[in-house]
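Here is my note on the structure you sent. The points run from symmetry to interface to core.

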There are 2 protein chains.
Amino acid sequence: MSKKEDFITQITKRSEDFSRWYVDVIRRAELADYSPMKGVMVIRPYGYEIWELMKGHLDGMFKATGHRNAYFPLFIPESFLTKEAEHVEGFAPEVAWVTMGGSEPLEERYAIRPTSEAIICSMYARWISSWRDLPVLINQWANVVRWEKVTRPFLRTTEFLWQEGHTVHATAEEAQEETLKILDIYRTFAEEYLALPVIAGVKTDAEKFAGAVRTYCIEALMPDGRALQAGTSHNLGQNFSKAFNIRFENRDQELEFGWGTSWGVSTRLVGAIIMAHGDDSGLIIPPRVAPHQVVIVPISRGNWKETVLPEAQRLKDELQAAGIRIHLDDRDTNTPGWKFSEWEMRGVPLRVEIGPKDIEKEQVVLVNRMNREKAFIPRAGMVAAVQDKLEEIQSALFARALKFREENTRDAEDFETLAEIMENQRGLVRAAWCGSPDCEALIKEKTKATIRVILEDPPDEKAVCPGCGKAGAHMVLYARSY
Amino acid sequence: MSKKEDFITQITKRSEDFSRWYVDVIRRAELADYSPMKGVMVIRPYGYEIWELMKGHLDGMFKATGHRNAYFPLFIPESFLTKEAEHVEGFAPEVAWVTMGGSEPLEERYAIRPTSEAIICSMYARWISSWRDLPVLINQWANVVRWEKVTRPFLRTTEFLWQEGHTVHATAEEAQEETLKILDIYRTFAEEYLALPVIAGVKTDAEKFAGAVRTYCIEALMPDGRALQAGTSHNLGQNFSKAFNIRFENRDQELEFGWGTSWGVSTRLVGAIIMAHGDDSGLIIPPRVAPHQVVIVPISRGNWKETVLPEAQRLKDELQAAGIRIHLDDRDTNTPGWKFSEWEMRGVPLRVEIGPKDIEKEQVVLVNRMNREKAFIPRAGMVAAVQDKLEEIQSALFARALKFREENTRDAEDFETLAEIMENQRGLVRAAWCGSPDCEALIKEKTKATIRVILEDPPDEKAVCPGCGKAGAHMVLYARSY
């Protein structure tokens, strides 16, 4: 068995077992590893670099819309977490509790934040007293803990990293506007940076955030036919303001409760791009969030260190100067073939090969990770060609994922069709919904599918709810989900 | 009482009560606030922006020296924390313990990381098997928790933010080289970015990190005469490698334990610059880490919104285009005088004033926060003048702090002198030390001063230890410290 084959067979084929492939590729590409604690993962440098790039782009988008970062405590006193009734009911079962400080038991135990509304709203109540103090537009990048029973790296872990925005506004309209503005940032970010087509919409009451008036989300379809919630933006109305007494004097000098929003995306997005774009050979990372957008592999023949390597170094310098994230694999312990497989597995979207013949012909070879197509490019036009190719790959990844979603979105006009699709093909199913939580619960119980989003377009006159056969009030998308 | 005076009197004068001034200015400038939990603070956007700028610069320096970021768990199983004997002894009294997940008690309680050697080394043991895997150069930006009895915002809080680097090397020499390389990064960062003169040196055994072979640190002198440890770099030798079984096959194919380092700086640095540079009117933030390097205050006379404001906006655009962090205070609810005081209190290093007369004269007025000196600058040369002035302020802050330290570093050849200085003037005291922990402990007990660093230069032949009167083995710096 050649070294190359040996190497590749360490990853289960995606086409054979999606779920094992996912875990294999994460560990083999050194994105993450399991920690000694159940359900807790370690994000390794290569995985963390993807998250850093995501953070950088998102943070810029938040700041461009007037948000500022801050940092609130990891701990929430139990009595604060319980102030908003729905909120505590939703989160209490997943909370990790601190009960000892040093050798002394605490008088009141502290929750480790599963989300920070409770502690942040208690501070906002102090800081806000007039309409002049509004809006408050604050975000934080932080770790949170949710005691999960079933975990998967990046997708659902006991501790994860995320950003959580928390805002307060003077009117209901402004809070709604903010909720939708953020939803749009998330959609734009997912589609333009992660090459992840998403459907943005509102959740049903059963699926909304504990304590919110309305939860909006972006949902993506994964290649195994399951939906992934990739980000949420909540309109909190006055729920938390009332629970935490966030009041301000409005322009008419009357005391009024503030109008809140909160919103977040997490390291789950790293899991989303692994699943959405990878293939049997490993990862394919969208160029805009790829730690290495390009890897240069020098063809090591003869005295390559004197001939090929200096030229490879010049290519690296030129690409770096153009702002491209570039890695030159100059190891002499591995063959070029081994390196090709290695960097394909790690998902570097574009490879540059340079050997003695290429130098002679004044060309470089570009290899597209998606389809392994080779392009022979004149040396002089390399930088522009690489930039074009990266853009092309970014777009092609999006187009491929969109095509997959479209091919896997089906209509169901009755329960049997819905159940049959969920059993055999999965994917998204467009159906009418009467609006009753009972039908939603029944369908979930029988098909394991939940309503992922309520669509904006109204149903046909004849459309009926697969649950009860009555007229549809909304069109919705059903799917099994992560 | 004028609005301006009213405003300023909200802060205790630094010259009257340094300690109260420190807390007043933090809260009044909205750098941080107390949370509902004892000893736990909230970092507000203005304070967090300073930390973000610090992070950005330091992160660049770490990456430029080959380090990569990662993320390790918040939790450490108790059995891991106890593997290195000195380490657990040092940290156990300050640990917050998680004992419940949801409604179930944990089989083994989890420490919330007070520092991450224990969890990180357990992962390194898995990842490292050959000399080819070395060095491992990883850093993480994270929150840590230490259950402190006496706390002060930024300087000592139950939870704080920091970076912690953890490296493993193939030889003792490389580990020592890394320890000193990082120490030098810290020194450079403190001096060049924070305008904070520091003394870099090694700690005594009594003051070293629990589990380290040798701890190096940078120490700064604060205006109240107390020393502040501003960063530490530890050579861990093979202590943690032996405790966690980090072994690698060396080039001679023998199994060997790895050689470790760890190093960190924290949000304490924000406290350091507040104390080091502020004055009776509030903060003075060094330009390189100032969220707003320049504030433009338009002089609001007559129809200023039509005349002055558009010109102020143009100034802003020009300065922004030159990469200067700029804020235009265009509020019409406050007078220029009020704004001057407000931004002085918030420590913006340079103010640009622009009024009808200035427009007429084609000039702008620059006001230096350190000394309130005004400079009238031709409009055309404004950007360059602002850049020069910011550099000048950055240097002047450093020079002023250095002068203070030099004036407050004294020699003590006997115990009485040392005790007298610690009682009356404080500051740093240079003295000989015999090398005995007993003398160190005695002096600490009697004067509250500890050895901050061991200096490199050897003592004079005649120099004696103030503790025992015997010959000095080293010259050291004593101080009371934060």
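1. To compare the copies, they are superposed by least squares on the C-alpha atoms of residues with pLDDT of at least 70 in both. Bear in mind that this is a predicted model. A turn of 180° and a shift of 0.0 Å along the axis lay chain B on chain A, with an RMSD of 0.0 Å. The two copies are thus related as by a two-fold rotation axis.

2. Which residue of chain B comes closest to the rotation axis? It is Val98(B), with its C-alpha at 2.2 Å. The bridge partner of Val98(A) is Val98(B), in E5(B). Strand E5 (residues 96-101) of chain A and E5(B) run antiparallel and are joined by 5 bridges.

3. Now the interface. In it, 42 residues of chain B are in contact with 42 residues of chain A. E5(B) gives the largest share of chain B's side, 6 residues. By type, that side has 28 nonpolar, 8 polar and 6 charged residues. The copies meet through the same surface, because 100% of the interface residues of chain B are also interface residues in chain A.

4. Next, the core. The largest nonpolar core has 283 residues. Leu196(A), Leu196(B) and Ala220(B) have the most contacts inside it. Beyond its neighbours within four places in sequence, Leu196(B) is in contact with residues including Ala220(B), Ala272(B), Ile273(B) and Ala276(B).

5. Look also at helix H9 (residues 268-277) of chain B. 10 of its 10 residues are buried, so H9(B) is largely enclosed by the rest of the structure. Among the buried ones are Arg268(B) and His277(B). The packing partners of the buried residues of H9(B) include helix H13 (382-407) and strand E10 (214-221) of chain B.

Note on methods
Residues are numbered from 1 along each chain as its sequence is written. Chains are lettered from A and ligands numbered from 1 in the order in which they are written. This is a predicted model: local features need pLDDT of at least 70, side-chain atom pairs count only at pLDDT 80 or more; totals for chains, interfaces and linings use all residues. A residue is buried if 20 or more other C-beta atoms lie within 10 Å of its own, exposed if 12 or fewer, and partly exposed in between; C-beta atoms are placed from the backbone. Helices (H or I, at least four residues) and strands (E, at least two) are DSSP runs, numbered from the N terminus. Two residues are in contact if their C-beta atoms, placed from the backbone, lie within 7 Å. A nonpolar core is a set of buried Ala, Val, Leu, Ile, Met, Phe, Trp, Tyr and Cys residues joined through C-beta atoms within 7 Å. Ala, Val, Leu, Ile, Met, Phe, Trp, Tyr, Cys and Pro count as nonpolar, Asp, Glu, Lys and Arg as charged, and the others, Gly among them, as polar. Two strands pair if DSSP finds at least two bridges between them.
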